[in-house]
Amino acid sequence: MYNLDIQSILKSNHNSPVKIGELTQDVIDKLNLNCSPRSIFLTPNRIYHCENHKYQYSDNASYEECLSNIPSIIERPDYIGFNQNHNSIQYVKKLSDTILVAIRIFDNGPLRLRTIFPITEFYLKNKIKSKKLIPYK
């Protein structure tokens, strides 16, 4: 996959969605979801939302690294899960910080990035222990 150029997306004069990945049949099967494979998109307004979590990252470089690697996190996560309360698929990957990318599921149409933020090792271990996140290989 490729790295996102966040600044170019933000500088664009429109709020056009940018494709950042695919919900694969493999993820659907592993999470026992009742949906079909489809594209995942990011809109510039969600990047502004993600700025709300910027202070949670270890530093600004980690924040930039994580945002630019969203396509790679979706394509090759370390863990996946489904959050029923938010009706979202969770992709987790260890980079300089451990990152959770949430993708909101809708009945029809393309999927959209909801948010991205760092999680603690304690949070990750608890979610694995409770089987809310499973290893993805």
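1. **The largest pocket.** The largest pocket is lined by 15 residues. Those nearest its centre are Phe82, Asn83, Gln84, Gln90 and Lys132. The elements that supply two or more residues to this lining are α2 (25–31), β3, α6 and β7. Strand β3 gives the most, with 4 residues. The volume of the largest pocket is about 310 Å³. Please keep in mind that this is a predicted model.

2. **Strand β3.** Since β3 gives the most to the pocket lining, it is a good place to start. The strand spans residues 79–83. Is it mostly covered or mostly open? Mostly covered: 4 of its 5 residues are buried.

3. **The partners of β3.** Strand β3 pairs with two strands named here. With β4 (residues 88–94) the pairing is antiparallel, over 5 bridges. Phenylalanine 82 has isoleucine 89 of β4 as its bridge partner. With β7 (residues 133–135) the sense is again antiparallel, and 3 bridges make the link. Here tyrosine 79 has proline 135 of β7 as its bridge partner.

4. **The hairpin turn.** β3 and β4 form a hairpin. Between them lie 4 residues. Asparagine 87 sits in this turn and has a positive phi of about 50 degrees. A reader can find the turn by following β3 into β4.

5. **Salt bridges, overall.** How many salt bridges does a search of the whole structure find? It finds 5. Points 6 to 8 take up some of them.

6. **Aspartate 78 and lysine 93.** These two residues form a salt bridge, with the closest N and O atoms 3.5 Å apart. Aspartate 78 lies in the loop between α5 and β3, and lysine 93 lies in strand β4, so the pair ties together parts that are 15 residues apart in sequence. Are the two residues buried or partly exposed? Aspartate 78 counts as partly exposed, because its relative accessibility is 26%. Lysine 93 has a relative accessible area of 18%, so it is buried. The cut-off for buried is under 20%.

7. **Lysine 94 and glutamate 121.** The next residue to look at is lysine 94. Its side chain meets that of glutamate 121 in a salt bridge, at 3.5 Å from N to O. Lysine 94 is in strand β4, while glutamate 121 is in helix α6 (residues 121–129). The pair links distant parts of the chain, 27 residues apart. Lysine 94 is partly exposed, with a relative accessible area of 40%. Glutamate 121 counts as partly exposed too, at 36% relative accessibility.

8. **Lysine 19 and glutamate 22.** What joins lysine 19 to glutamate 22? A salt bridge does, and its closest N and O atoms are 2.5 Å apart. Lysine 19 has 38% relative accessibility and counts as partly exposed. Glutamate 22 is partly exposed as well, with a relative accessible area of 32%.

9. **An aromatic pair.** A search of the whole structure finds 1 aromatic pair. The rings of tyrosine 57 and tyrosine 63 have centres 5.2 Å apart and planes at 80 degrees, so the pair is edge-to-face. The angle decides the label, because planes over 60 degrees apart count as edge-to-face. Tyrosine 57 is buried, with a relative accessible area of 5%. Tyrosine 63 is buried too, at 1%.

10. **Asparagine 69.** Where does this residue lie? Asparagine 69 is in the loop between α4 (60–68) and α5 (70–75). Although it belongs to a loop, asparagine 69 is buried, with a relative accessible area of 15%. Leaving aside residues up to four places away in sequence, asparagine 69 touches Asn3 and Leu95.

11. **Serine 72.** Helix α5 holds serine 72. The residue counts as buried, because its relative accessibility is 10%. Serine 72 and isoleucine 20 are 52 residues apart in sequence. In space, their C-alpha atoms are 8.7 Å apart.

12. **To recap.** β3 is mostly covered and gives the most to the lining of the largest pocket. It pairs antiparallel with β4 and with β7. Lysine 93 and lysine 94 of β4 each take part in a salt bridge, the former with aspartate 78 and the latter with glutamate 121.

Notes: Residues numbered from 1 in each chain as written. Predicted model: local features only at pLDDT ≥ 70, side-chain atom pairs only at ≥ 80, totals over all residues. Heavy atoms only, no water. Buried < 20%, exposed > 50% of the residue type's maximum accessible area, 1.4 Å probe, protein only. Pairing = 2+ DSSP bridges. Contact = heavy atoms within 4.5 Å. Phe/Tyr/Trp six-rings, centres within 6.5 Å; stacked < 30°, edge-to-face > 60°. Salt bridge = Lys/Arg side-chain N within 4 Å of Asp/Glu carboxyl O. 1 Å grid on protein atoms, 1.4 Å probe; cavity = no way out; pocket = protein on both sides within 12 Å on 5 of 7 lines; lining within 4 Å. Points joined across faces, edges and corners; volume = space filled by probe spheres on them.
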